[in-house]
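Open the structure in your viewer and keep the selection tool at hand. The tour goes from the whole chain to single side chains.

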Amino acid sequence: MAAMELLGQRWVLRVLWELEPGRLGFLELRRRMNNCSSSMLSVRLQHLQSAGLIVKNADKSYELTTAGTELGVALRGVWDWSRRWDAALTGPADRTV
C-alpha cells in the first residue's frame with residue numbers, strides 16, 4: 001500500500017515519466033511540468049529520493065535509480081494503454097480502445 005500511496009500523489013507519475021528517458025536538471029524538469037510549482041516539484045523529488053526511486057547527481061540532475069527503472073518497466077503497460085486511450089478519445093468517433 002505504501003507504493004500505491006506514493007504513486008497516487010499528484011505529480012509523482014509525471015516526474016517518473018519525464019525521467020524515464022534519462023537524467024534531467026531541475027529547471028528542465030520544471031519546464032516540462034509547466035503546471036507544477038517549483039516548491040511542489042521539490043517536495044515530490046525529495047519523496048522520490050527518500051523512496052529510492054530517483055537520485056540527485058553531483059551535477060544536480062535527477063535520474064531514475066535501478067528501482068525507479070524497474071518501476072518504469074512495470075508502468076510501461078499503463079503508459080502504452082493511456083496513449084491508446086487518449087488517441088481513442090481524441091480520434092474519430094467510431095474508433096475503439
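What follows is a series of selections, each with a note on what is there.

**The whole protein**

Keep in mind that this is a predicted model. Show the whole chain as a cartoon: the protein has 5 helices and 3 strands. Follow the chain from the N terminus, and the elements come in the order α-α-β-α-α-β-β-α. Turn the view to see the extent of the C-alpha trace, which spans about 50 × 30 × 20 Å along its principal axes.

Now show the surface. The accessible surface comes to about 6300 Å², and 56% of it belongs to carbon and sulfur atoms. Of the 97 residues, 30% count as buried. Colour by charge next: there are 13 positive and 10 negative charges, and their mean positions are 6 Å apart. As for contacts, among those with a separation of 6 or more, 45% are between residues 24 or more positions apart.

**Helix α1**

Select residues 2–7, which make up helix α1. Begin with alanine 3, which is in this helix. Is alanine 3 buried or exposed, or partly exposed? Alanine 3 has a relative accessible area of 48%, so it counts as partly exposed. Add alanine 51 to the selection: the two alanines are 48 residues apart in sequence, and 8.9 Å lies between their C-alpha atoms.

Move on to leucine 7, also in α1. Leucine 7 is buried, because its relative accessibility is 15% and the cut-off for buried is under 20%. Which residues does leucine 7 touch, leaving out those up to four places away in sequence? They are Val12, Leu13, Leu16 and Leu71. For another distance, pick leucine 24: its C-alpha is 20 Å from that of leucine 7, with the two positions 17 residues apart in sequence.

**Helix α2**

Select residues 12–19, helix α2, and show the side chains of its buried residues: Val12, Val15, Leu16, Glu18 and Leu19. Look down the axis of α2: these buried residues fall within an arc of 165°, so they line one face of the helix. Two of the names, Val12 and Leu16, are also in the list of residues touched by leucine 7.

**The aromatic pairs**

Show the aromatic rings. How many aromatic pairs does the structure hold? There are 2.

For one of them, select tryptophan 17 and tryptophan 79. Their arrangement is edge-to-face, at 5.0 Å centre to centre and with 80° between the planes. Tryptophan 17 is in helix α2 and tryptophan 79 is in helix α5, residues 66–90, so the pair ties together parts that are 62 residues apart in sequence. Tryptophan 17 is partly exposed, with a relative accessible area of 30%, whereas tryptophan 79 counts as buried at 9%.

Then select tryptophan 81 and tryptophan 85. This pair is stacked, at 5.5 Å centre to centre and with 10° between the planes. Both residues lie in helix α5, 4 residues apart, which is about one turn of the helix. An α-helix has 3.6 residues a turn, so residues three or four places apart point the same way. Tryptophan 81 is partly exposed at 38% relative accessible area, and tryptophan 85 counts as partly exposed at 40%.

How values were computed
Residues are numbered from 1 along each chain as its sequence is written. This is a predicted model: local features need pLDDT of at least 70, side-chain atom pairs count only at pLDDT 80 or more; totals for chains, interfaces and linings use all residues. Side-chain values use heavy atoms; hydrogens and water are left out. Helices (H or I, at least four residues) and strands (E, at least two) are DSSP runs, numbered from the N terminus. Buried means under 20% relative accessible area, exposed over 50%, partly exposed in between (1.4 Å probe, protein chains only). Contact means heavy atoms within 4.5 Å. Accessible areas come from the Shrake-Rupley method with a 1.4 Å probe; for residues, only the protein chains shown count as cover. Lys and Arg count as positive and Asp and Glu as negative; His and the chain ends are not counted. The place of a charge is taken as NZ of Lys, CZ of Arg, CG of Asp or CD of Glu. The arc is that of the directions from the helix axis to the C-beta atoms. Rings of Phe, Tyr and Trp (its six-membered ring) pair if their centres lie within 6.5 Å; planes under 30 degrees apart count as stacked, over 60 as edge-to-face and the rest as tilted.
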